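Work through the exercises below with the structure open. Each task is followed by a solution in steps.

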Amino acid sequence: MSFPDLLKIPKIDKLGVQEIVNRFCKRSIKTSAKKHGLHLALSMIDLTTLEGKDTTDKVRRLCYKASHLHNSLQGLPNVAAVCVYPTLVRVAKKELEGTKINVASVATAFPSGQSTLDVKLSDTKFAVNEGADEVDMVISRGKFLAGEYNFVYDEIAAVKEACGKAHLKVILETGELDTLDNVRKASDIAIYAGADFIKTSTGKISPAATMPVTFVMLNAIKDYYKKTGIKIGMKPAGGISTAKIALQYLVMLNETLGYDWMNKDLFRFGASSLANDVLMQLQKQESGYYQSLDYFSKD
Amino acid sequence: MSKLNLSKTWNYAAATESTNHILLKEKYDLFINGEFVKSNSKKYFDTINPATDEVIAKISEANKKDIDLAVKSAKIAFRRWSKLKAKERGKYIFRIARMIQERAKEFAVIESMDGGKPIRESRDVDIPLAANHFFYYAGWADKLEYAFPNKTPKPLGVAGQIIPWNFPLLMAAWKIAPAIACGNTVVLKPAETTSLTALKLAEIIQESGLPKGVVNIVTGAGNTGAEIVNHPDIDKIAFTGSTNVGKLIQKSISGTKKKSTLELGGKGANIIFEDAAIDQAVEGIVNAIFFNQGHVCCAGSRLFVQESVANIVIEKLKDRMSSLIVGNPLDKNTDIGAINSKEQLATINKYIKIGQEEGGEIYQSKCSISKKGNWCPPTLFLNVSQSHTIVQEEIFGPVLAIQTFRTIDEVIEKANNTPFGLSAGVWTEKGSKIFKLTQELNAGVVWANTYNKFDPTSPFGGFKESGFGREGGLHGLKAYLKFE
Amino acid sequence: MERIDVLKTYKIFIGGKFPRTESGRYFHVKNDTGELLANMCLSSRKDFRNAVVAARKVQKSWESASALNKGQVLYRIAEMLEGRKSQFMDELMMSGSSKIAAKKEVEQSIDRLIYYAGWSDKFQQIFSSVNPVASSHFNFSVPQAMGVVSVIAPNKFSLLGLVSVVAPVIVGGNTCIVLSSEENPMVSISFAEVLNTSDVPHGVVNILTGKRKELISHFASHKDVNAIIYCGHNNKELNEIEKLSVENLKRVKIYKRKNWGDQKNQSPYFIERSQEIKTIWHPTEV
């Protein structure tokens, strides 16, 4: 691990990114390809609740949903993980015992990241000690925008160390980074500092995940892989609420990083309402009828 | 460098555009003086779907007598059309634009069936741009005196227009819209392999109530075109096609009073500097050479990559090529469709063979290709130089010749080292470099950090052997006016 | 004893030098009464070839000189011509002009040079456009010099005609090779002397004397010439030019005007005729 050469980070042409993203969005995914894509999407979901009002009960219900997506459909995969605040990790961990569903915890003074390194590290260690398999940290955007890239890098590296065996997802909060050039720079800093995943957003800032932002991050992952052979994961989060959008992301992933990335170990959707829309689409494919949300459990 | 696995493991299922809603006749006659009339030759030729080898329809072959009738009807129509109130002239053209929009999907499907281009392109590029072109020039009809200060513009008379097979409807729009907006009348001949959308346009023109004879559309091959060029009552020839045919036309009208504009071949240089936005530049390379199977006169068929980034650019280009989908033009996911005709496929294959014989290193992306129809996988040539045939001559197919360079002066010299001068591309994030290059490159269109963009308001046309005259924008009016 | 006049040797003008024709040939120029006025160089295709080399060599740097600079160079030509007004009047009168006509022609030539000097930094604004494309691009079109232009100058108005055709060509950044009036070539070589003592870079204007019949085919066929301007009415010549120009799709511009003194024969459209339009696209999203 070393600090990336900022001078060699490729520049981004926004219109060019928008054009290719439009092409991905125009792919028409039907029948068997659609079913395959929807199953993949389900298996990649980090079912998320990150509210101030979250309770033990709410997390329990979410975990039950995570392992019982929809009883009337056969052969459904589970979601990849449930994502909660550190104080609720223990609850989730207990509920998900015996499943292969991971527990992810946000940490490091989520969502603003405005705190000292000590607080961030103890936040992280707490979550890991409570049993978190994955840690979703936020970067210090203020420092990043002030050009203190070394600070951002060092902080990520320290959190990575504090994670121990837990996987680290680094949230760039791209909605606050202003330009795609910054998104690319932040991606490289996070990757070189030791991120296992890079993630777009906290979900608390608009815009959250977008296709252009995700595309730029995928290219950072691609360049790192080409250089080192190491595969970094990607997690767009927030705003991906329909099966249609999820499929567009998967098309982009398929044509940018290829099939090796098309599994939950390297790609996640951070979403709360996506699962039900995917389930509706699958049910429609099964039955031939358009569905109503009233037939899908909300937790 | 570690390799990505971009083989198509997640295969998008077929997503074929429906052909139920299109109306096609078995036989198409000539559109002369507002009516569809049988040719005097009594001959028909087949128009073939290049993706399936199936005959779509029969097309009438116009002979000398037919051309004479068409030109005469245009000449008679000119008397009234050129005197019609300009704003009324404009309203007819607006109407045509709207009717194309209404029937856009039908046109897109027919364009893809007849010409082999992906439905994504005919739907998103060809047809909307064609409609927009009519819409743009419609507005000019009653404003011409503002375009040329201190001049009094007058229409020329009868324009003979001969268009190619790569953008059939769009080229018809590029030709017809400014011509009739300026008060001329038209005899237009589409290319023999792609007559259908021009004939469908004739239907629209008929429905629009445009006065009879203002636009005549006649079909046939080179001989038919020659009859138009040589007809004594033609006042203007507008031709888009190969440089060779352009020169023949120009020779045969020399010494006559006929005016001409020619949009001919090209061998566009696409230049990637080390400080470019590399991933978008790679996409730009793909758009530059594989758009419309490379059947584009302004295609970026000569790639120049700065040496320091050559390896990564080529690696990424190969990655991108392996995710391109070659196949059924009517499938909404197809990126690269069928080669327009057997003849063109033979030409492309001839050049690929020459490229290899001359020592070029070939790379083609893997794609499963149907046995029927005309196909060519996206192709790169490495280890070639300015003296290789495939670097000098226009191939008009999905074949890219790649060279590297070190300095700005070197690449400018190489880029300009061609008899053509239609288009060029420049990729760098440094503004002053863009302006240096756009000033020095001898090309009628320079795309900086983009490629193969078109717009009705944007003049298009070449320097040197790429032809003369501009189409599009204010400058495109001049080709259809005189100022005495 | 009466003083013997010193007669002037008329040579040709290539790359800022006054060589004799490499062919060594000459032709007589006589006045109305048949009196010999001068032996003029009968330029050959090789002289033309050399002139094209000179014109090509300097074209890029002339084109990239600032518009202001080009305007000042043209103005300087006018200044120098003004200073030698009487010499030019004499030469025009020797070849048959009345004094009034000669004076008018020289003065109009000076004024025309100043007219085009003033256009040097303005015509671009007349012929450029910003094109409002529907996509997120900034798109504009600008004129650019065609390059090397060969010029068959008018036979009548041997000075004013030449100035009227050459000024708009060079003010637009082109360089040129001119075949002077065949009937009255002397004045064109004196004009070359004016050019050479102005600030015109060597090779921007090259002037040959000789026979249209011999040279037109080379002016039209040379593949390193981008455009040809023909002044005249001879359909045979025109036909030949149009046919040969096809070889490299040379742009052919024809002036059939008879009276170059007419004010209608000056306008920025004369400059536009030796300009190409170049269109440039760039994205506007950051």
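**Exercise 1. A hairpin in chain B**

Which residue in the turn of the hairpin formed by E4(B) and E5(B) has a positive phi?

Solution. The model is a predicted one.
- Step 1. Find the two strands: E4 covers residues 44-48 of chain B and pairs with E5(B). Five bridges join them, and they run antiparallel.
- Step 2. Go to the turn. Six residues lie between E4(B) and E5(B).
- Step 3. Read the backbone angle there: B:Asp53 has a positive phi of about 65°.

**Exercise 2. Two partners for one strand**

Find which residue of E5(B) stands opposite B:Tyr28, then name the bridge partner of B:Phe45 in E5(B).

Solution.
- Step 1. Take strand E1 (residues 27-28) of chain B. With strand E5 (residues 55-60) of chain B it pairs in the parallel sense, over two bridges.
- Step 2. Opposite B:Tyr28 stands B:Ile59.
- Step 3. Turn to E4(B), which runs antiparallel to E5(B). B:Phe45 has B:Ile59 as its bridge partner.
- Step 4. Put both together. B:Ile59 stands opposite B:Tyr28 and is also the bridge partner of B:Phe45.

**Exercise 3. The contact between chains B and C**

How many residues does each chain bring to the contact between chain B and chain C, and how much area is buried there?

Solution.
- Step 1. Count residues: 43 come from chain B and 32 from chain C.
- Step 2. Take the area. About 3100 Å² is buried between chain B and chain C, and carbon and sulfur atoms give 56% of it.
- Step 3. Count the polar links. There are 24 residue pairs in polar contact between the two chains, both residues at pLDDT 80 or more.
- Step 4. Locate the chain B side. Helix H8 (243-253), helix H14 (431-440), strand E18 (445-448) and strand E19 (467-468) of chain B each supply at least two residues that touch chain C.
- Step 5. Sort the residues on that side of chain B: 17 are nonpolar, 16 polar and ten charged.
- Step 6. Add the salt bridges. Three are counted between chain B and chain C. One of the salt bridges joins B:Lys478 to C:Glu272, at 3.3 Å from N to O.
- Step 7. Look for strand pairing across the contact. E18(B) runs parallel to strand E10 (residues 275-283) of chain C, with three bridges. B:Trp447 has C:Trp281 in E10(C) as its bridge partner.

**Exercise 4. The contacts of chain A**

Which residues of chain A lose the most area to chain C?

Solution.
- Step 1. Set the scale. Five residues of chain A are in contact with five of chain C. The buried area is about 460 Å², with 60% from carbon and sulfur atoms.
- Step 2. Pick the residues. A:Asp13, A:Lys14 and A:Leu15 lose the most, together 75% of what the chain A side buries.
- Step 3. Check the charges. One salt bridge is counted between chain A and chain C. It joins A:Lys14 and C:Glu285, at 3.8 Å from N to O.
- Step 4. Sort the chain A side: one residue is nonpolar, one polar and three charged.
- Step 5. Turn to chain B. A:Arg23 forms a salt bridge with B:Glu283, the closest N and O atoms being 3.8 Å apart. This pair runs from helix H1 (residues 14-25) of chain A to helix H9 (residues 278-290) of chain B.

**Exercise 5. The sheet of chain C**

What is the strand order of the five-stranded open sheet in chain C, and which strands are its edges?

Solution.
- Step 1. Write the order: E7-E6-E5-E8-E9, with parallel pairing.
- Step 2. Mark the edges. Strand E7 (205-208) and strand E9 (251-255) of chain C each pair on one side only.
- Step 3. Take the twist. Neighbouring strands are turned by 15° against each other on average, direction ignored.
- Step 4. Inspect one pair. E5 (residues 148-152) and E8 (residues 227-231) of chain C pair over four bridges, in the parallel sense. C:Ile152 has C:Tyr230 in E8(C) as its bridge partner.
- Step 5. Add the helix. Helix H1 (residues 45-64) of chain C packs on the sheet and touches E5, E6 and E7 of chain C. Its direction makes about 155° with that of E6(C).

**Exercise 6. A loop residue**

Where is C:His202 found?

Solution.
- Step 1. C:His202 is in the loop between helix H7 (186-197) and E7 of chain C.
- Step 2. Leaving aside neighbours within four places in sequence, C:His202 is in contact with C:Gly15, C:Gly16, C:Val58 and C:Asn196.
- Step 3. The C-alpha atoms of C:His202 and C:Ile14 are separated by 8.0 Å, with these positions 188 residues apart along the chain.

How values were computed
Residues numbered from 1 in each chain as written. Chains lettered and ligands numbered in written order. Predicted model: local features only at pLDDT ≥ 70, side-chain atom pairs only at ≥ 80, totals over all residues. Heavy atoms only, no water. Contact = heavy atoms within 4.5 Å. Buried area = accessible area lost by both parts, 1.4 Å probe. Salt bridge = Lys/Arg side-chain N within 4 Å of Asp/Glu carboxyl O. Polar contact = N/O pair within 3.5 Å; in protein donor to acceptor, adjacent residues only side chain to side chain. Nonpolar A, V, L, I, M, F, W, Y, C, P; charged D, E, K, R; others polar. Pairing = 2+ DSSP bridges. Axes fitted to C-alpha atoms, helices over the stretch in contact; angles between N-to-C directions.
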